[in-house]
Amino acid sequence: MEKFEGLSKKYAEEGWLIPEADLTFGRVLGRGASGTTYMGSLRGEDVAIKAYSVSILRNDAVSVKNEMDIMARVKHENIVAFRGLCLSMDPPAAALVTVFATGGELGDALYKKHSIRKGGDAARYKVAIGLARGLRFLHANGLIHRDIKPANVLLDANGEPLLTDFGFSRMVDVSGDMTGETGSYLYMAPEVVRHTTYSAKADTFSYAVLVNEIFSDERPYGHLLPMHAAIGVVKKGLRPSQKRIHNPQLRALLAACWDVSPDKRPDWDTIISTLEGLRDAGAAPDGKARRIGVRASGRLQSLGSGNSSSSSSSSGVSRLLRKLAVSGPADSKRA
């Protein structure tokens with residue numbers, strides 16, 4: 001823990017250092033490779049306390065310091081709010097304190113509580129748009145998350161998503177010289193699996209897989225082991241099934257976001273405006289969708305109205321939309 005002595009002084013000066021006596025530990029919320037998270041109390045406020053394991057403090061101090069530093073720097077309504085750090089030199093210990101998200105993990109909301117399904121598309125769009133806003137903020141500040149998955153998304157009392165777990169996060173290296181195979185295989189972009197140059201657009205790919213999961217109500221590549229799914233993504237153009245997503249415009253947007261070419265993945269402004277348009281169209285009293293666009297390869301492509309009564313297509317979708325919705329590697333397969 002001598003490596004944290006400078007950090008302890010820094011956070012003490014910035015007002016982020018929390019005396020251990022001010023914290024009360026409650027029940028265990030979860031256990032992971034990096035440590036154990038507890039529900040707790042900080043001077044009367046409900047908080048989550050991530051107590052790092054002795055193993056990670058000894059063997060991966062860089063990740064711990066990285067997460068601490070990032071959490072203290074970022075402030076956004078869709079990123080879990082930082083409350084401070086509790087550090088001890090003897091015995092060596094470290095804990096990260098954040099606000100307590102009463103809605104729990106997104107994974108539990110999807111598969112245990114089924115609260116997302118019960119909330120319908122309104123709840124799904126809220127999570128998808130909130131996550132996009134949080135990631136836009138990170139990327140605008142030169143940060144990349146690198147581990148987007150349900151376990152790293154929390155929900156507040158109103159169902160708003162909060163990004164958490166920044167242990168794998170780091171500043172974007174403009175040279176692209178960043179560690180490969182960082183994150184979770186089921187959500188990993190092909191360029192990360194291949195250990196080739198990658199950028200913040202890797203988060204866009206992972207985001208699309210997660211949002212597809214939210215709207216499909218099923219885990220990606222459910223019949224495959226995570227590593228086998230990652231190999232399929234790289235070698236066969238494998239992508240998650242979209243059979244349960246009935247909105248062709250949403251399918252097209254997600255397909256653009258997980259394009260094999262990072263340069264063709266849309267920017268966050270386009271993603272957010274498209275999702276907001278789809279959300280508002282679905283909530284419109286007359287049920288008529290307005291025209292939405294997905295920016296691909298630097299161009300805004302019209303997707304038309306998903307409820308068109310045109311006789312040229314049984315689904316009422318334009319040829320351009322149908323092409324965009326199914327575009328991908330020639331040998332692409334769907335799980």
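**Chatting through a predicted fold**

Visitor: Let's start with the cysteines. How many disulfides does the structure hold?
Guide: Zero disulfides are found here. Keep in mind that this is a predicted model.

Visitor: And where does C86 sit, buried or exposed?
Guide: C86 is buried, with a relative accessible area of 12%. That counts as buried because the cut-off is under 20%.

Visitor: What about C257, buried or exposed?
Guide: C257 is buried too, with a relative accessibility of 1%.

Visitor: Let's zoom out. How many helices and strands are there in the protein?
Guide: The protein has 11 helices and 12 strands. It is 335 residues in length, and 49% of them count as buried.

Visitor: What share of the contacts join residues at least 24 apart?
Guide: The figure is 60%, taken among contacts between residues at least 6 apart in sequence.

Visitor: And the outside, how much area does the protein expose?
Guide: About 16000 Å² is exposed, and carbon and sulfur atoms supply 51% of that.

Visitor: Now the inside. How many residues are in the largest nonpolar core?
Guide: That core has 74 residues. L106, L163, Y207 and L275 have the most contacts inside it.

Visitor: Let's pick L106. What is it in contact with, leaving aside neighbours within four places in sequence?
Guide: L106 is in contact with I116, V127, P150, V153, L155, L210 and I214. Apart from the largest core lies another one of eight residues, and V47, I49, C86 and V97 are among its members.

Visitor: I49 makes me think of strands. Which residue is the bridge partner of I49?
Guide: I49, in β3, is the bridge partner of Y38. Strands β2 (residues 35-42) and β3 (residues 45-52) pair in the antiparallel sense, over eight bridges.

Visitor: How are β2 and β3 connected?
Guide: They form a hairpin with two residues between them. R43 is in that turn, and its phi is positive, about 50°.

Visitor: What about β1, how does it pair with β2?
Guide: β1 (residues 23-32) and β2 are antiparallel, with seven bridges. A hairpin through two residues joins them, and G30 stands opposite T37 of β2.

Visitor: There's a three-stranded sheet as well. What is its strand order?
Guide: The order is β6-β8-β9, in an open sheet with antiparallel pairing. The edge strands are β6 (104-105) and β9 (161-163), each pairing on one side only.

Visitor: How many bridges join β8 to β9?
Guide: Three bridges join β9 to β8, which covers residues 153-155. One pairing to look at is L155 with its bridge partner P161 in β9. L155 is also one of the residues in contact with L106.

Visitor: Switching to helices: which residues of α8 are buried?
Guide: In α8 (residues 226-235), A229, A230, G232 and V233 are buried. They lie on the same side of the helix, because they cover an arc of only 160° around its axis.

Visitor: Why would residues three or four places apart point the same way?
Guide: An α-helix has 3.6 residues a turn, so residues at that spacing point the same way.

Visitor: And what covers the buried residues of α8?
Guide: The cover includes α6 (190-193) and α7 (201-216).

Visitor: Last one: which residue with a positive phi follows α8?
Guide: That is G237, with a phi near 70°.

Definitions and conventions: Residues are numbered from 1 along each chain as its sequence is written. This is a predicted model: local features need pLDDT of at least 70, side-chain atom pairs count only at pLDDT 80 or more; totals for chains, interfaces and linings use all residues. Side-chain values use heavy atoms; hydrogens and water are left out. A nonpolar core is a set of buried Ala, Val, Leu, Ile, Met, Phe, Trp, Tyr and Cys residues joined through side-chain atoms within 4.5 Å. Buried means under 20% relative accessible area, exposed over 50%, partly exposed in between (1.4 Å probe, protein chains only). Contact means heavy atoms within 4.5 Å. A disulfide is a pair of cysteine sulfur atoms within 2.5 Å. Two strands pair if DSSP finds at least two bridges between them. Helices (H or I, at least four residues) and strands (E, at least two) are DSSP runs, numbered from the N terminus. The arc is that of the directions from the helix axis to the C-beta atoms. Accessible areas come from the Shrake-Rupley method with a 1.4 Å probe; for residues, only the protein chains shown count as cover.
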